[in-house]
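Student: I have a structure to work through and would like to go over it in short questions. Can we begin?

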Amino acid sequence: LEPCCTHGRTPPCTDAVIAAGISKVVVGTTDPNPAHAGKAFGLLRRAGIEVIELAKDSEFRELAEECSALNEAFNHWIVHRTTFVTVKAAMTLDGKIATARGESKWITGEKARAYTMKLRQSSDAILVGVNTVLADDPTLMPRIKNAPLHVENAKRRIVLDPQARTPLNAKVVADEFAELTIIVVSQNAPKDRIAALAKKVSVLIAPNQKAKIETQKSQINLRWLLKKLGSENVTSLLVEGGGETNAAFLLGGFAHRVAFFYAPKVLGGRDARKSVGGDGITGLSEAIKVCDAYWQWLGEDLLLTGRIG
């Protein structure tokens, strides 16, 4: 990324580069912030430093695109000041994430689960719906092999819980990282439940809106939530919800990327839980399109990643 040239949370990188006596700087992608874009190049060149911009060299255009992809979430946050959203789901070949009884461990294999930990580690926050908390009681933390998890590499955990049903003994509420948990409730959630949760974790009361996700006649305003998280420097969000939460982000137009894991299994069953629920679309022409789709093997499982086009 182009070195910053202004004071923000840290001093300008350009000052440090010049002071260090560096003679040559190779930049993969220009700063997406229009207030800064390109200014660092002039500062460095005036200081006698050679600057190579990969994006302006046809020979290195592909490398420039790779650099831009690495900064995808940050670039989105800088420009829009809202959080970049990736929806992750692990499912069978027929798109089921759990049996009708809620059994879901483990649909995918060890390599796929290890990749999920990498996704968590690279995200600022992880989000689920309250039904996932009630069914699985997850920690929603990245697990690092043979290493204890400390607060400095722990992640914010967000639960969409319109009626404040999250149990007070749930791991996201009662463990040592409770200070990193945010429960998002609706304005008509029971006040006593809100007060009880607020003693243990952060609680956000979402304003009313025109429906994006519904649970027990309540709604969570996702547009407001993503702006709120963006204002708190949450640049990237990994959604690991159930079918209804996934649908709220995907069908509501709030998702930017997907990471879908497919196990070589078939569950079937009318009541088995789907990876994406909601009301669906009325015609194929309205289907959500995944662009720049990339497939890779993870053991016996397949992973599809791509951006929502």
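Student: Along strand β2, which side chains point to one face and are buried?

Tutor: This is a predicted model, in which local features need pLDDT of at least 70 and side-chain atom pairs count only at pLDDT 80 or more, while totals for chains, interfaces and linings use all residues. Residues are numbered from 1 along each chain as its sequence is written, and side-chain values use heavy atoms, with hydrogens and water left out. Strand β2 covers residues 50-53 (strands are DSSP runs of E, at least two residues, and helices are runs of H or I, at least four, numbered from the N terminus; buried means under 20% relative accessible area, exposed over 50%, partly exposed in between, with a 1.4 Å probe and protein chains only). Glu50 and Ile52 point to the other face and are not buried, so the side chains alternate, as in a regular strand, and the buried ones are Val51 and Glu53.

Student: Which residue stands opposite Glu53 of β2?

Tutor: Strand β1 (residues 24-27) runs parallel to β2, and four bridges join the two (strands pair if DSSP finds at least two bridges between them). Opposite Glu53 stands Val27.

Student: Which helix makes a β-α-β unit with β1 and β2?

Tutor: The unit made with these two strands is right-handed (with the strands pointing away from the viewer, the path from the first strand over the helix to the second runs clockwise). Its helix covers residues 39-46 and is α2.

Student: What is the bridge partner of Ile183 in β8?

Tutor: Strand β7 (residues 181-185) and strand β8 (residues 202-205) run parallel, joined by four bridges. Together with helix α8 (residues 191-198) they make a right-handed β-α-β unit. In β8, Ile183 has as its partner Val203.

Student: How much space lies in the largest pocket?

Tutor: A pocket is found on a 1 Å grid over the protein atoms alone, as an open set of points where a 1.4 Å probe fits, with protein on both sides within 12 Å along at least five of seven lines; lining residues have an atom within 4 Å of a point. Grid points are joined across faces, edges and corners, and the volume is the space filled by probe spheres set on the points. For the largest pocket this gives about 1,100 Å³.

Student: Which element gives the largest share of the lining of the largest pocket?

Tutor: The lining has 44 residues, and Ser104, Thr132, Asp136, Glu240 and Gly241 lie nearest the centre of the pocket. Elements that give two or more residues include β3 (84-91), α5 (110-121), α6 (130-136) and α10 (243-251). By class the lining divides into 17 nonpolar, 14 polar and 13 charged residues (Ala, Val, Leu, Ile, Met, Phe, Trp, Tyr, Cys and Pro count as nonpolar, Asp, Glu, Lys and Arg as charged, and the others, Gly among them, as polar). The largest share is six residues, from α6.

Student: How many residues of the lining of the second largest pocket are charged?

Tutor: About 630 Å³ of space lies in this pocket. Its lining has 25 residues, with Glu72, Thr86, Leu119, Ser122 and Arg257 nearest the centre. The lining includes 12 nonpolar and eight polar residues, and the number of charged ones is five.

Student: Why is there no bond between the sulfurs of Cys13 and Cys4?

Tutor: A disulfide is a pair of cysteine sulfur atoms within 2.5 Å, and by this rule the count is zero. Cys4 holds the cysteine sulfur closest to that of Cys13, but the pair is too far apart for a bond, because the distance is 3.3 Å.

Student: Is Leu140 buried or exposed?

Tutor: Leu140 is found in the loop between α6 and β6 (156-160). Its phi is positive, near 60°, in a residue other than glycine. At 2% relative accessibility, Leu140 is buried.

Student: How far apart in space are Val128 and Asn246, C-alpha to C-alpha?

Tutor: Val128 is found in strand β5 and is buried, at 1% relative accessibility. Asn246 is one of the buried residues of α10, a helix in which seven of nine residues are buried. The two are 118 residues apart in sequence, and their distance in space is 8.8 Å.
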